[in-house]
Every structure is written in C-alpha cells, then in structure tokens.
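Here is a short tour of one protein model, written for someone meeting it for the first time. Have a look at the picture, then read on.

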Amino acid sequence: MNPTRPILVGALLLGSLWAQEPAATPVDAKARLQQLQKEQQTAISEWQKAAQAAAKAAEQAEKDGKPIPAMPMRPDMGALRAKYLAAAKDFAGDDQAKFLVEAFRMGDEPKQYQEVLDLLMASHMQSKEFAKLGQMFGYLDQMCEPAYAEKALARIQAECKEPKVLAWVTYANHSKTLETAEPKSAEFQEAKKLLLAAAESSGDSMMQRMLKSTIAEKESFGIGSDAPDIEGQDLDDVAFKLSDYRGKVVFLDFWGDW
C-alpha cells in the first residue's frame, strides 16, 4: 500500500470540509454602531468631567489673580470620527449612511464637512438616514465654504426625492428672509408661502411647529408689524390701551414685584 495515499486522501477530505464551512460571520452594523456610540458617550463624559475640573481651576485662578486656563468648548471627536469613516467602508446602503451621518456631525472644519457630504450625496441622497441631516442644512454655509454650500444645496434640491430633505433645503434657502424681511413685505410673504408648503408636504411635525412659531413671532413682534393692543391701568388708576397712542413714540417698561 502506498503510504502517501492516506495522507493525500485526508488532505483532500479536509480541504473539502473547509470548502463546506460557512464564511465567517460578517460584522453586524448595528453592533458596530452601538460600540462607537458607546465610545462617543464615554468621550463626552470624560470631557464633562474635565470641564468641571477646569471650571474649578478657573475659579481658583481668578481668586489668585492668575491667568484663567483655556478649556475646549466641545470634546475632541477627531479619532472617533475617523473610526466612523473606517466603519462606513465595511458596509453599504443605509448601514453605510448611518456611519457617514455620524461622521458628518463630528466635523470640525469645512474640509471635513465637505468630505463626508460628498460621499453622502454620491450614494445616499435617497436614504432615510440622509434626511436626518436636514436640520443642519440651514447652517451649511457656516459649516462649509459658502460657495460649496450653495452648490450642495442646489444639487440636493435637483436630485433628491425625499420630501423631508427638500423641505429642509427650502428652509435653508428662505429662513434668512423670515428673519430679516419685514412681515408685510412681498419677500416675507413669498418665503412664508414656500416654507409652509414645503413643511406641509414633508410631514415633518417638528418643522411645521418651528415654522409656525417663527412666523407668528415675526408677524406679531417684527419690525413693521402692529404691536398687540395692551390694556391696563396707569399709576393714577386710569384705564388705557396702547392703541390710544397710535402714531406716537411709546416707551414700554414691564416690571413686577413679589
């Protein structure tokens, strides 16, 4: 009997078994995300502790007449942001978008925001995860280069089909008009019309409440609007209404005592 034959047969059988074994279990996106979020919470907790210690040190430094040490206004998420970007490469679809959205939120300079937004716009504009960034679109020109922000919003508006995303793009494009234009102006009324229509079509209840509150406040107290007709009694117990002084300069001093 050839002694090498059993060895060859054994090797062939073992190779066959390996071929039949299932592939290694892929990394679970949900578990990976939870682990990174846990690290994020730890980083925030450590920063909060450091901030409390820095506040005490600053208080003591002020008493001692020494320079007050500086304290970062937010935790350093640079390393964690890199982990989110690395994790995104291991997944696709909505799972990948989840990691990219978190990485975007951890940006610290225009280049970082633009890098991640480019990735999201390339493959995930129709994703429900991308819609979670909508509230940040109104500040995109402050987070990114203004010219980039303008082009990005235009691209999203042209290519995205998600109503919530489009509503937030409309908000980004017209919210400043609500803040600066007089309530009775044509510009304000046009912006109001567009924004309310976008909010209604989006079904985003938070946006709807926010817009209605902003518009009501502006129309009630904005420059060029009519002040509410306050009624009361003066120091001589004589009844009066604010409308009695229409056309005159009025100084209102609200106060109380307990």
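Starting from the N terminus, the elements of the protein chain run α-α-α-α-α-α-α-α-α-α-β-β. That comes to 10 helices and 2 strands. Keep in mind that this is a predicted model.

How much of the chain is tucked away? Of the 258 residues in the protein chain, 30% are buried. On the outside, the protein chain exposes about 17,800 Å², and carbon and sulfur atoms supply 55% of that area. As for contacts between residues at least 6 apart in sequence, 58% of them join residues at least 24 apart.

**Salt bridges**

The structure holds 11 salt bridges. Here are some of them, with the distance between nitrogen and oxygen.

| Pair | N to O distance |
|---|---|
| D108 and R74 | 3.6 Å |
| E115 and R81 | 2.8 Å |
| R155 and E159 | 3.4 Å |

Take the salt bridge between D108 and R74. D108 sits in the loop between α4 and α5 (110–123), while R74 sits in the loop between α2 (29–64) and α3 (78–88), so the pair ties together parts that are 34 residues apart in sequence. D108 counts as exposed because its relative accessibility is 57%. R74, with a relative accessible area of 38%, is partly exposed.

Next up is the salt bridge of E115 with R81. This pair links distant parts of the chain, with E115 in helix α5 and R81 in helix α3, 34 residues apart. Is R81 buried or exposed? R81 has a relative accessible area of 8%, so R81 is buried. Its partner E115 is partly exposed, at 41%.

The salt bridge between R155 and E159 stays inside one helix: both residues lie in α7 (residues 146–159), 4 residues apart, or about one turn of the helix. R155 has 32% relative accessibility and counts as partly exposed. E159 is partly exposed too, at 38% relative accessibility.

**A glutamate in α4**

Helix α4 covers residues 93–105, and E102 is in it. With 15% relative accessibility, under the 20% cut-off, E102 counts as buried. Which residues does E102 touch, leaving aside those up to four places away in sequence? They are L33, Q40 and Y84.

**Around the strands**

Now for the largest pocket, which has a volume of about 460 Å³. It is lined by 16 residues, and Q233, D234, F240, L252 and D253 lie nearest its centre. Which element gives the most to the lining of the largest pocket? That is strand β1 (residues 231–233), with 3 residues.

In the loop between β1 and β2 you'll find D237. Most residues other than glycine have a negative phi. D237 goes the other way, with a positive phi near 65°. D237 is also exposed, given its relative accessible area of 58%.

After β2 (239–241) comes the segment that holds Y245. Y245 is partly exposed, at 37% relative accessibility. Together with V250, L252 and F254, Y245 makes a nonpolar surface patch of about 400 Å². L252 turns up twice in this tour: L252 is in that patch, and L252 is also among the residues nearest the centre of the largest pocket.

Definitions and conventions:
Residues numbered from 1 in each chain as written. Predicted model: local features only at pLDDT ≥ 70, side-chain atom pairs only at ≥ 80, totals over all residues. Heavy atoms only, no water. Patch = residues over 30% accessible without salt bridge, like charges linked within 9 Å, V, L, I, M, F, W, Y side chains within 5 Å. Areas by Shrake-Rupley, 256 points an atom, 1.4 Å probe, with all protein chains shown as cover. Salt bridge = Lys/Arg side-chain N within 4 Å of Asp/Glu carboxyl O. Buried < 20%, exposed > 50% of the residue type's maximum accessible area, 1.4 Å probe, protein only. Contact = heavy atoms within 4.5 Å. 1 Å grid on protein atoms, 1.4 Å probe; cavity = no way out; pocket = protein on both sides within 12 Å on 5 of 7 lines; lining within 4 Å. Points joined across faces, edges and corners; volume = space filled by probe spheres on them.
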